[in-house]
Amino acid sequence: MVTPSTGGQNASARGTVVVVKSPILETLPLGFPWQCADPFLFCVHHEDAYPAGTDEMGPPPAALVGRALGQDFEVREGFRMYHGEVVPGFPAHPHRGFETVTIVRRGLIDHSDSLGATARFGAGDTQWLTAGAGIVHSEMFPLVARDMPNPLELFQIWLNLPAADKLCEPHFAMLWRRDVPKKSVVDQAGKTTEIVAVAGMLAEVKPPSPPPRSWASRGEADVAIATITMQPGARYTLPPAASKDAIRTLYFFRGERLVIGGEAIAAKTGAVVSADTPVDLEAGPDGADILLLQGKPIGEPVAAHGPFVMNTRAEIEQAFKDYQRTRFGGWPWKGPAPVHARDAGRFAKHVDGKVERAEE
């Protein structure tokens with residue numbers, strides 16, 4: 001359910017009532033997944049308190065008893081296995097017609113795909129995958145620590161592709177922690193707000209370029225993806241978006257209270273806010289964690305079915321036929337849920353054989 005905001009009233013010195021327009025246009029509860037607006041399709045916040053890992057880098061067998069392995073989305077003992085059976089995560093599955101942006105705040109992901117690329121990333125890294133014409137990939141969450149817990153926290157965001165780019169060549173880029181810019185803004189009371197910008201110019205922070213066929217690579221699209229972490233009581237003014245046509249949503253996912261333009265919202269609430277004006281934010285007594293998603297709508301029809309997002313039903317049917325015929329390149333790995341060696345470190349091996357390492 002979406003609830004329009006009505007704003008508030010202030011009394012002037014002469015006694016007249018002045019209506020103060022709230023920057024909040026709509027509010028929405030944060031379920032699983034979160035509601036999104038064009039050009040975004042989907043957003044989910046995974047937060048799991050995984051225990052120490054076994055030799056196979058999964059939870060101990062006793063913690064798996066009674067779970068619906070292969071389809072485990074119920075939080076038990078602080079975590080879920082998702083579609084994994086030994087190691088938690090998402091074994092091989094296809095995509096076509098959109099992009100995934102995976103921001104890992106804590107923990108690790110092991111990526112493998114049908115084109116032969118592979119990676120381990122996390123602890124502040126982001127992977128940006130353009131599925132385009134089609135790719136199969138797996139995303140597993142290896143529990144590499146044997147003698148301590150393995151907490152995981154990540155966002156996966158689906159960003160649509162315009163019709164002209166839906167069948168582009170698949171591509172993935174790594175935005176390593178060292179390359180994702182951060183900026184700390186200190187208010188007059190000495191309280192700090194930290195902005196981590198994955199996409200789009202925000203607070204004069206410019207992140208790496210997105211993949212070449214992404215909607216975010218078009219300047220006029222004004223796509224921004226960022227996390228905003230505010231200390232208790234911190235104040236920060238979000239600058240206007242570059243495009244008045246952008247839709248800007250603030251997902252307040254951790255904290256007791258967030259005041260937006262003088263209007264308080266409760267924990268686990270999303271707020272669509274004005275994009276063309278500055279927006280004042282004030283954190284509650286225990287701080288605030290916010291995900292910002294912003295972009296000018298693509299404005300095209302959306303036909304979606306499971307892992308495929310196209311413009312028409314006929315294109316969805318063709319996507320299934322193409323996947324059944326080609327498997328989007330096949331699967332060059334031993335099983336559907338490959339993981340790397342425990343000591344592999346953070347790295348990426350691209351389709352062309354180029355290897356990147358994430359040493360700081």
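Over the ring of which residue does the charged end of R67 sit? In this predicted model, the charged end of R67 is placed over the ring of F79, at 4.0 Å from the ring centre. A second arrangement of this kind involves R327, which lies over the face of Y323 at 4.6 Å from the centre of the ring.

Aromatic residues also pair with one another, and the structure holds 16 aromatic pairs. One of these joins F308 and F328, whose ring centres are 6.1 Å apart and whose planes meet at 75°, so the pair is edge-to-face. F308 belongs to strand β25 (residues 308–310), whereas F328 is in the loop between α1 (313–326) and β26 (347–349), so the pair ties together parts that are 20 residues apart in sequence. Both F308 and F328 are buried. Elsewhere, one aromatic cluster is formed by W34, F155, Y251 and F253.

W34 is also among the residues with the most contacts inside the largest nonpolar core, a set of 26 residues. The others with the most contacts there are W128, I157, V198, I225, L291 and L293. Two or more residues of this core come from each of the strands β5, β7 (98–106), β12 (150–160), β13, β15, β18 (247–254) and β23 (288–295). For L293, the contacts beyond its neighbours within four places in sequence are C36, F40, C43, I157, A224, I225, I247, R248, T249 and Y251.

Several strands can be followed through their pairing. Strand β13 (residues 171–175) has 4 of its 5 residues buried, so it is largely enclosed by the rest of the structure. Its pairing with strand β10 (residues 126–130) is antiparallel and extends over 5 bridges. Within this pairing, W128 stands opposite A173 of β13. Strand β16 is likewise mostly covered, with 6 of its 7 residues buried. On β15, which runs antiparallel to β16 and is joined to it by 6 bridges, V196 stands opposite T227 in β16. Strand β16 is also joined to β23 by 7 bridges, again in the antiparallel sense. Here I225 stands opposite L293 in β23, and both I225 and L293 are among the residues with the most contacts inside the largest core.

A288 lies in strand β23 as well. Its relative accessibility is 3%, so A288 counts as buried. Leaving aside neighbours within four places in sequence, A288 is in contact with I228, T229, M230, F252, R254, L258 and A283. The C-alpha atoms of A288 and S22 are 20 Å apart in space, while the two residues are 266 apart in sequence.

A search of the whole structure finds 0 disulfides. The cysteine sulfur closest to that of C36 belongs to C43 and is 5.2 Å away, which is too far for a bond, because a disulfide requires two cysteine sulfur atoms within 2.5 Å. C36 counts as partly exposed, at 25% relative accessibility. C168, by contrast, counts as buried at 3%.

The backbone has some less common features. Most residues other than glycine have a negative phi, and most peptide bonds are trans. The bond joining F32 and P33 is cis, with omega of about 5°, and P33 lies in the loop between β4 (24–29) and β5 (40–50). The peptide bond from D38 to P39 is also cis, its omega being near 15°. P39 is found in the loop between β4 and β5.

Positive phi values occur at Y82 and D222, neither of which is a glycine. For Y82 the angle is about 60°, and the residue is located in the loop between β5 and β6 (89–95). Y82 counts as buried, with a relative accessibility of 0%. For D222 phi is about 50°, and its position is in the loop between β15 (192–199) and β16 (224–230). D222 has a relative accessible area of 14% and is therefore buried, the cut-off being under 20%.

Terms used:
Residues are numbered from 1 along each chain as its sequence is written. This is a predicted model: local features need pLDDT of at least 70, side-chain atom pairs count only at pLDDT 80 or more; totals for chains, interfaces and linings use all residues. Side-chain values use heavy atoms; hydrogens and water are left out. Buried means under 20% relative accessible area, exposed over 50%, partly exposed in between (1.4 Å probe, protein chains only). Rings of Phe, Tyr and Trp (its six-membered ring) pair if their centres lie within 6.5 Å; planes under 30 degrees apart count as stacked, over 60 as edge-to-face and the rest as tilted. A charge sits over a ring if NZ of Lys or CZ of Arg is within 6 Å of the ring centre and within 35 degrees of the ring normal. Two strands pair if DSSP finds at least two bridges between them. A nonpolar core is a set of buried Ala, Val, Leu, Ile, Met, Phe, Trp, Tyr and Cys residues joined through side-chain atoms within 4.5 Å. Contact means heavy atoms within 4.5 Å.
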